[in-house]
Amino acid sequence: MKASEGAAARSVRAEGTDATREAALLAGRFSMWLAVRRNVPPPSEPSEMLAWLRSELAVLETEWKAESGRSYDSEKLNRLNGIQHSLAELHYAVGETCWAADEREQAMKEWTGLPKAFHPWTYLYRSRQSEAAGETAAAIVYAKAMTCSPGTLLYLEKHWRLYRLYAALGEAASAESHLRDVLRSEPDYEDAAEEAYRFWTAGGNFVIAFEHCTEQYVRAPGDIWADRAIRLLTEVGEIASFAPCRTLLEALFRDGRLERWSQAANTAYDAVPYEALDELAAYVKATLLPTVRQSAIVPRLADAVELLAELSGLFDGDGELRERHSADIAWIMMVYGLLLRRRAAAFEGGVRLQVALEKGDPGDARRALLDQTLLRVGVPSEEDPVAADFPWLHEVEKLAEAIEDCGGNGEPFRRLVRWERDPNYRIMLIGTFNNGKSSLINALVGGKVLKTKSLPTTSMLVFLSAGEQEAAELFRPDAGETQKVPWERVAELTAFNAERNPGEDWLARLRLPNAWLADNRLALIDTPGFLDFSNQAKLVNEHAEAADRIVMVIDATKPLTGSESDILRGLLALPDMEPDRFAFVLNKSDMLDPEELDDIVAHVRGGLSELLGSEPPLFVFNSRDPSMAERLRRDFAGLIPPRPYAVRFERFASRFAEAMAEEERAASERTSAMRGQAERYRALTERLETQREDVRGELTKLQRTLAAEHAALKGRLERYVHEQLPALMEQQTDRVYIGFDYKTLREQVERKLQEIVRAWAEEHVTPQLRENVAGLMQRIQPSYEAMQYCVDRAMARRLLALGEESEFDERRAVVSEPVPWLGIVQAASEPARRFVDSQTYSVRVLGSGGMFAGLFHGISSFFNGTNKVLEDVRSELRREISDSGGKTAERLHAAAFSSYSGFADALSAAVRKLPDEAAHLLKGDTKLVETRAEELFRSAAELERERERMAEAFADARHRMKLWTCQVSRGVIIENGQLCRMA
């Protein structure tokens, strides 16, 4: 719909005259529009309008009748069409006027028979009527029947009506669909835009509402839609992509609404998913980089500094994003910080830029401003607050959890930070018992805090520092547990008890008001004395890392004993324990005369220089001279470096780097070990499979040999029978004698011959069978023994292979019994005996064919008139007996071997029983080891993924340590966006 048509529609509703036809139809003022078009003043009353319309109808109908009686031509046809169209318009206008006058039936009569072009408008009236009557469903049906084209006023009215009707029914999806049709049809329809905003926000569809507000702002920039979009973006929670945010940001920046741009950009950072932050960073970088040279507009983008800081923090945990964007974002942050006079932002940007350019182009033009910036803003000021906490401590704790999530050991990392939260400079005093450590500490703090005796007095490490009031507690540094202790029990708390393991579980912390400790931010650590108490030495070694400086107290009367030298060597062997961390106090100097004291001092200096490689600080002290206590306080304060936090951080960073390197090495070893074990298992499966194939191969070879022996045995017996039996049959032809008839004769001969063949076979064939079967088993015995050797060797190798892997070693108990091999003769003798002894040799000698031939020959003789019929039959029978040798031999051979398969199967089963068991066992082993290998490969792959995640975490941690190193080296750190000085 055009904007002019919209204006016309509004003017028609106001009963104006400057309106389009469609707008007049939509507004229910079509009769008025007709009057205006005919230059007739519109009647004000419905009755007058009806009268005028009917008069116009009468004129047109008369004209129609006049024209329809003439001959037709094209001009006349056009006139008739025009008259017909005008008549339809007038009938519709009459119906419209009747409807307005509540004459609904008359209106429907007027509308009946109108052209289709008017049907949608009549449906509109009926939809309105149904809606007014509360019949929403019917109103929807009529509205859907309004056929119209997109871009028309009727199309807009139809979908706006359907939206309202479906919304009234609570069908949100259908309502939303028609609302979108309205917005697409008429983007400038302000009522629809407002209604869409209310509809989507009321339904909680904040993402759609945000996109709608963005579209409206882009179409017609205004603060209302911009503020709505930004507010909705905060309520979205998370939006699917950066694209709609980018559309809004680009429009805001283009329109110069920079304050709102900063607000929207910060909101978008919280709303877009992590995957879209790369696109957001690239957009912010591309948008803000040109502004670093436009100092006039930077103040309007001041809120963008927060976004730059958020993005920089994001890069700390993502190496890929850091590589792509860190330098540019840091550069923008630094310049913005300078232009806005924000030291913290300028310093943080500078530090990040310095780390980002560490491996960059040395000629990068940004380096000059970077160096000037760090020199100017990276200087601690007394106005800066003191850092309350150190961010690297939290980073290490989070890293320990991440390492454990990846299957590593996070405990060494937690141990790194257990002493780092104490801001005091810690001096640990060590030495043999009764050398005055506790007395020395009492002198330093100016009061008797610790118990002193000639026997061992201290049973645990005691941390003594300044506090507002006296307080004592026990604590476990690793577990984070504490127990409050009344001050009156301090002496009892630290008293030595030889029956318990000194200090193994708990350490003590004492606080007391003391200006010297407070001014120097100093903590003293008293330790159990060394001598024969190995637990005390172990305790000090375990907690030596708690000390920034170690002071050994030496008894001047027993200077630098062998025990003290051993203690020093043990401490120097600890990680990160450098000689410059040691200082020494020569105590009880009042017990020597001056000359002797000078000699002792020289002796101790020489011994210590030899042990440490350089001359350490050595102080002379005795607790009875108050002036020496004051001097020792100054000496101890002098042990504190100018920037103790930097020294401590450097030591911490070194230990942290070593811990990461050690964990990386351990993770690599875990992965390599598991992958190596999987490779060994894979090789083991191949070895077991090879042994199984060897066993199967030997068994196959023996089976082929056995099959050949079976065939040879059958062949030998077949040749023997065919050689002997025909001759035997030749000898039996005289068995034919006179019988009652031919049939009786033949049966008698058959029985006799069967008895003869059976007797002959039992006498000659059975021994042959027995001999051949025995020979077969004897000949197969060497092959069987060869297979036995192969299987035994395979099983021995199996045990050896499985025994090499402890995981499978327990299976040896199941399979290590000796294999119960039997000789093949022993194994198959019983089946062989049953086969040979079961032979009966019942075979047919004479076939039926010979009987018919003999009868046929005798009948022929009879019809020839001879009396030799029976004789001829006997003659034929003798010939048949003589010829039956070969066939009888075949039958006898077949009968002899009819049950041979039982023996052959039994022999084969005896042969393959143990090889099959061995092959089955090897197959099970192979499957077991193969399954375990696959599990190990999967586990190794998971370990590799965990190692990669750990490597990413370590890379991020190393990056952060570089940032903190740059900060600490200048004595300031960024804490919650604020510049804080290191105390």
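This section describes a helix pair, a bent helix and two loop residues in a predicted model.

The axes of helix α16 (residues 277-288) and helix α18 (residues 319-340) come within 10 Å and cross at roughly 40°. The two helices are therefore oblique to each other, and α16 passes α18 in a left-handed crossing. On the α16 side, the contact is formed by D278, A281, A282, V284, K285 and L288. The residues of α18 that take part are L321, R324, H325, D328, I329, I332 and Y336.

Helix α38 comprises 69 residues, from 900 to 968. At 1.5 Å a residue, a helix of this number of residues should span 102 Å, and the 97 Å between the end C-alpha atoms of α38 agrees with that expectation. The helix bends by about 40° at R912. A proline, P915, follows R912 within four residues.

Two residues were examined for their backbone conformation. Most residues other than glycine have a negative phi. Y841, although not a glycine, has a positive phi of about 55°. This tyrosine is found in the loop between α34 (824-837) and α35 (848-863). With a relative accessible area of 2%, Y841 is buried, because the cut-off for burial is under 20%. N976, likewise a residue other than glycine, has a positive phi, near 55°. The place of N976 is in the loop between the strands β10 (972-975) and β11 (978-981). Its relative accessibility of 80% lies over the 50% cut-off, so N976 counts as exposed. Thus Y841 is buried, whereas N976 is exposed.

Key. Residues numbered from 1 in each chain as written. Predicted model: local features only at pLDDT ≥ 70, side-chain atom pairs only at ≥ 80, totals over all residues. Heavy atoms only, no water. Buried < 20%, exposed > 50% of the residue type's maximum accessible area, 1.4 Å probe, protein only. Expected span 1.5 Å × (residues − 1). Bend = angle between axes of the 7 residues up to and from the residue. Axes fitted to C-alpha atoms, helices over the stretch in contact; angles between N-to-C directions. Parallel < 35°, antiparallel > 145°, perpendicular 65-115°, else oblique. Left-handed = near helix turned anticlockwise from the far one by under 90°. Contact = heavy atoms within 4.5 Å.
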